[in-house]
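Please open the model in a viewer and keep the selection tool at hand. The tour below proceeds from one selection to the next.

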Amino acid sequence: MSTGIKSGMIDTMSDLGKMSYGNFINGKWVKASSNETFTSLNPANLNLSLGTFASSNKKDVDTAIESAHNAFKSWRKTPAPVRAELILKAGYLLETRKEELAQIMVQEMGKVIKEARGDVQEAIDMAKYMAGEGRRLTGQTVPSELPNKFAMCVRSPMGVVGIITPWNFPVAIPSWKIFPALVAGNTVVIKPASDTPLCAIKFVEILAEAGLPDGVINLVTGSGSVVGNAIVDNPLVKAVSITGSTDIGSKVASRCGELMKKISCELGGKNAICVMDDADLELALEGALWGAFGTAGQRCTATSRIIVHEKIYQEFCHEFKAITASLSIGNGLDPDVAIGPVINRAQLESINRYVEIGKKEGAKLLYGGNILTQGDYQLGCFHEPTIFMDVNSKMRIAQEEIFGPVTAIMPVANFTQALEVANSTEFGLSLSMYTKNVNKAFAAIEELEAGIVYINAPTIGAEIQLPFGGIKKTGNGHREAGTTAIEQFTEWKTVYIDYSGRLQKAQIDSFESLDS
Ligand code: UN1
């Protein structure tokens, strides 16, 4: 098979930025048919480019989908354990190239090097886990109500799957979608975020190197409005999986609804940690710091609200400010840096607008609040970690996803009020309770309205072997990761095998004697 031709294997990091990258269609790296390109910039220094990328149009997308459609014919017939072997191989290749991918990720997305390694590790974990699924892909067998009749349910792949991924986990999130889709027998067309095309290209390069047949995985770069829409609209695409904002996700879901396509959405969050007066305060402070400012707050699971019992409120705010002040901000390649840049200028400005909104709403700015403009910072997109206190549920900064290093501390009088405040947003991804009281812990598990609940741990850090996703406006009922990931990418086929040699009538024959 022809692989990796012009994606450009990077031999040295000094090659970064000098290369031009194409789309991956039918096992080959090809230019956009329009020949147009766009660049991906390093958010720590916008003068540095990661390279130029194909600015694709509908024609490119349709060609990629056609190739995926053709490849589906034999891929679906390839036994799942054999498909899984290729995914496992991709996992091992990812392991070998973990450091290379992590270094690229820091430069393209901005997260700090330890977290970038974690992002690649999440993809390695997913490859190994989904490779195991190849020998399971469980169906159901249940008894028939009729004699000499067998009843079962098996999974069928859906066909071509369209995958639209964000920039914040530029290797992990593609892996969450691509590996289960492939192991289940689907073929894939992925459109990665335009802020992180290189990470996705490196990932796809590894899949090709693992030996996936031509057309099984295809990648098309370009804008959401052109490439994303063309994927969603193409009738050969049977299912779409998207991670992104609630605004975009709901538009894609509406369109898929019209077209009767399966759509799984993983969208916004407004996650909270609740800290009760009986909590281990040091543990809660450490958790809140990691949850709020890890990945510069650019996780859909980020702790953007900290709900604190009034008895410990002043102490918590005081201590939280002190530990936040100790975080170093800078280029994520420096191992001592805790907070890297945010993804781009537009996001930087949007974050800072929320700081202004918070001030106007009457929240007290406890720490930070500024875009960093001095020295080397001015070359990139750096925002101070920012803490508001005395925030209430009515404020926009307590309701809207900011997606940056900004968190809101909210005082509450008791446990019941903490739960009420935690549940008071339209999102429902990840909520956390810090308490030493086992009764309160279990009550919180029951009452918190979220797809993921943590006890004595922050809102970030989900593991791939459990379902990931949220309720309310965070999603549309699907879950990524875990065995549930397979649900997004398979159809059920119910099978009845009658070996009685005669016509048997369900609902009638077995009940005639009982009726009389
Ligand atoms: C995301 O922010 O979109 O649970 C995903 C976590 C990570 C995944 C975050 N494992 O924080």
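The stops that follow cover the ligand site, a buried glutamate and several salt bridges in this predicted model.

**The ligand.** Select the ligand together with its surroundings, which include Glu122, Trp176, Arg299, Cys300, Gly461 and Phe468. A side-chain N or O atom of glutamate 122 lies 3.0 Å from a ligand nitrogen. Two oxygen contacts involve the backbone: a polar backbone atom of cysteine 300 is 2.7 Å from a ligand oxygen, and a backbone N or O atom of glycine 461 is 3.0 Å from an oxygen atom of the ligand. The protein buries 99% of the 320 Å² that the ligand exposes when taken alone.

**Glutamate 266.** Move next to strand β12 (residues 262-266), where glutamate 266 is found. Glutamate 266 is buried without a salt bridge, and the nearest oppositely charged side chain, lysine 177, is 6.5 Å away. Beyond its sequence neighbours within four places, glutamate 266 contacts residues including Cys300, Phe468 and Glu480. Cys300 and Phe468 are also among the residues around the ligand.

**Salt bridges.** Of the 20 salt bridges in the model, select first arginine 155 and glutamate 487, with N and O 2.9 Å apart. Arginine 155 belongs to strand β7 and glutamate 487 to helix α14, so this pair ties together parts 332 residues apart in sequence. Arginine 155 is buried at 19% relative accessible area, whereas glutamate 487 is partly exposed at 32%.

Finally, select helix α6 (residues 197-209), which holds both lysine 202 and glutamate 205. These two residues are buried and form a salt bridge at 3.1 Å. Both belong to a salt-bridge network with Arg97, Glu100 and Glu209.

Technical notes: Residues are numbered from 1 along each chain as its sequence is written. This is a predicted model: local features need pLDDT of at least 70, side-chain atom pairs count only at pLDDT 80 or more; totals for chains, interfaces and linings use all residues. Side-chain values use heavy atoms; hydrogens and water are left out. Helices (H or I, at least four residues) and strands (E, at least two) are DSSP runs, numbered from the N terminus. Buried means under 20% relative accessible area, exposed over 50%, partly exposed in between (1.4 Å probe, protein chains only). Lys and Arg count as positive and Asp and Glu as negative; His and the chain ends are not counted. A salt bridge is a side-chain nitrogen of Lys or Arg within 4 Å of a carboxyl oxygen of Asp or Glu. Contact means heavy atoms within 4.5 Å. A residue is near a molecule or strand if one of its heavy atoms lies within 4 Å of it. A polar contact is a pair of N or O atoms within 3.5 Å; within protein, one must be able to donate a hydrogen and the other to accept it, and residues adjacent in sequence count only if both atoms are side-chain atoms. Accessible areas come from the Shrake-Rupley method with a 1.4 Å probe; for residues, only the protein chains shown count as cover.
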